[in-house]
Amino acid sequence: MLEKLTNTFGGIIRSISGKSTITEKNIEETVEQIKMALLEADVNLRVVRRFVNSTIEEAKGEKVLRAVDPGQQFVKIIYDKIVAMLGDSKTDLKLKGPDTQSVILMLGLQGSGKTTASHKLAARLVKEGRKPLLVACDLVRPAAVEQLCVLGEKIGVPVYKEDTKDAVKVASNAIDYAKKNSFDTIIIDTAGRLQIDEAMMAELVNVKKAVKPDEVLLVADAMTGQNAVDIAKTFDEQLGLTGVILTKFDSDARGGAALSLKSITEKPILFIGTGEKTEDFEVFHPERIASRILGMGDIVSLVEKAQETVAIEEAKKLEEKMARNEFTLDDMLAQFQQVKKMGSLESIMDMMPGMAGNLPQNMDTSGLKVQEAIIQSMTKKERANHLIIGPSRRKRIAKGSGTTVAEVNKLIKQFEKTKLTMKKLSRNKGMQNKLMSQLAGGGNMGDLEALARKFGGGGMGGLFR
C-alpha cells in the first residue's frame, strides 16, 4: 500500500528528523525531494505546488529554525500538510435514524468495483446495527445482478431486483419495498460504462431524481491515479457527489488519487478497499494514512483490526495456558488463523512503524498455509503433545500434508521456540516491552502492549522463523 511513496518519504524523514539544526537550505532541499516524490506518485501538479509553497513558507518561520528540536518540528509540518491534502479528518456517512430510510447511490465506471464496494458497505452497516437493502440497478453489465445477489447472500443482506431494463423503475420500487419491509438503508448499485457517456449520465441523473439519495458516492480505482480525480470531477458536475470510495487501495504503490482527490474535487474519501475479502473495507482516516506514508505506521488501525478479529475470552484463555506452559500446536494453529483474519502479513507490517515495505526475511508469508497443513495432518494427541512426534510420525505427517520431513521438523522447532518465548513473554513485562519495541521499531508502547494482550501476550512471535 503506497510502498513507493512510503519508501521515499521514509528516507527523507529519517535524514531530516535527527538534525539538531535546520537551515533554509536544508528546508529547500528536503521540500524539493518531496516535490519529486509527489510528482512521481502521480499527484496533481496544482496540489504539489500548493503543498510545496505552504510547506516552505511555514518551515522557514521561527517556529522551525529556532525550535528546540527543529528536525522533529519540520517533520510535524510535513505530516500536517499531508493530512490536509488527504482531508484533515475522517468523514462519516450522513444517514438518518433507524426509524426512517436513508438512500446511498453508488456510482462509477465499469471495473471500478461498485458492486463489490456496495456489498462491503452493506456488511459494515450490518455490524453497526443497521438493516440495509441492496438494489440491483446495474442492468447493463452481463451478470451484474447475479453477482450482487451472490454477494448479498454471502453477508445475509437481501437484494431487490426486477426483470426489467428500466433502472429508474427498479430504484423507485425498491424504495417502496424498503419502507414496507422496514429496511433503514438502501444501497443502489448502478450501471457503469468503460468510459463516461451521455446515456449513462442521463440514466444516473434520472435515478437520482427518483430516489433523492442522502449520499452520492463515487467508487473509483485508486490505481488509476489522476484519472480517478478527473472522473470524480465529471461525476460531481453532473450528479453532485458527497464522497468517494477508493478501491484497490492495497495495490496502489503511488498514491496519486488519494493525495489529489480532496484538494481538487473538495469531496472527502470515506472508505478504502484494501483487499478482496468482505472485511477488507476500511474507514478512511487521513491522519493514519499520512502516518503510514511517512513510515510512522498505523498502530491504532492495527489494534482496532486485532480487536475485531480476536475474541477477548479466547485471548484470556490462551494467556492463562501460556502462563501454565500449556501452549499447544492447536493453539499455534488458532493463532495462524487469527492473523489471517486480519489480512495479509504485508498489510499488517504496513501498520508497524518503520516496517512498511520491509517485510522481514524471517517472516514466512507463503508458508502460513504450509504450516497449517502440517498441523492439520497431525492427530489430536500429537497436537496436544508434540514430544510424541517421532521419526515415523513425522514421515506420516509430511506425506499427509504434501510437505517434506524437513518442513515438519522446521515447524516443530519453530513451535518449541515460540512456546518458550511466549512463556517468558507472559511472565516478564520487561521482555514484553523489549520484544514489542523491536517488532514495531519503537512505536506507541501502550497501544502495542494492548495488541500483544489481544494476541495472548505476543503470539505473533509464532510467525517468525
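**A tour from Cys 137 to strand S4**

Select Cys 137 to begin: this residue is buried, with a relative accessible area of 1%. The model is a predicted one.

Next, select Cys 149. Is Cys 149 buried or partly exposed? Its relative accessibility is 21%, so Cys 149 counts as partly exposed, because buried means under 20%. While cysteines are on screen, look for sulfur pairs within 2.5 Å; the count of disulfides comes to 0.

Now select residues 132-137, which form strand S2. Strand S2 runs parallel to S4, and 6 bridges pair the two. For one of the bridges, show Leu 134 together with its partner in S4, Ile 187.

Move on to S4 itself, residues 185-190. How many of its 6 residues are buried? The count is 6 of 6. Colour the two faces separately: one side carries Thr 185, Ile 187 and Asp 189, the other Ile 186, Ile 188 and Thr 190, and both faces are covered.

Then add strand S1, residues 102-107. S1 also pairs with S4 in the parallel sense, over 5 bridges. Display Ser 102 to find it opposite Thr 185 of S4.

Finally, zoom out to the whole protein. A cartoon view shows 22 helices and 8 strands. Of the 465 residues, 51% count as buried. A surface view covers about 21300 Å² of exposed area, 49% of it supplied by carbon and sulfur atoms. For contacts between residues at least 6 apart in sequence, 74% join residues at least 24 apart.

Notes: Residues are numbered from 1 along each chain as its sequence is written. This is a predicted model: local features need pLDDT of at least 70, side-chain atom pairs count only at pLDDT 80 or more; totals for chains, interfaces and linings use all residues. Side-chain values use heavy atoms; hydrogens and water are left out. Helices (H or I, at least four residues) and strands (E, at least two) are DSSP runs, numbered from the N terminus. Buried means under 20% relative accessible area, exposed over 50%, partly exposed in between (1.4 Å probe, protein chains only). Contact means heavy atoms within 4.5 Å. Accessible areas come from the Shrake-Rupley method with a 1.4 Å probe; for residues, only the protein chains shown count as cover. Two strands pair if DSSP finds at least two bridges between them.
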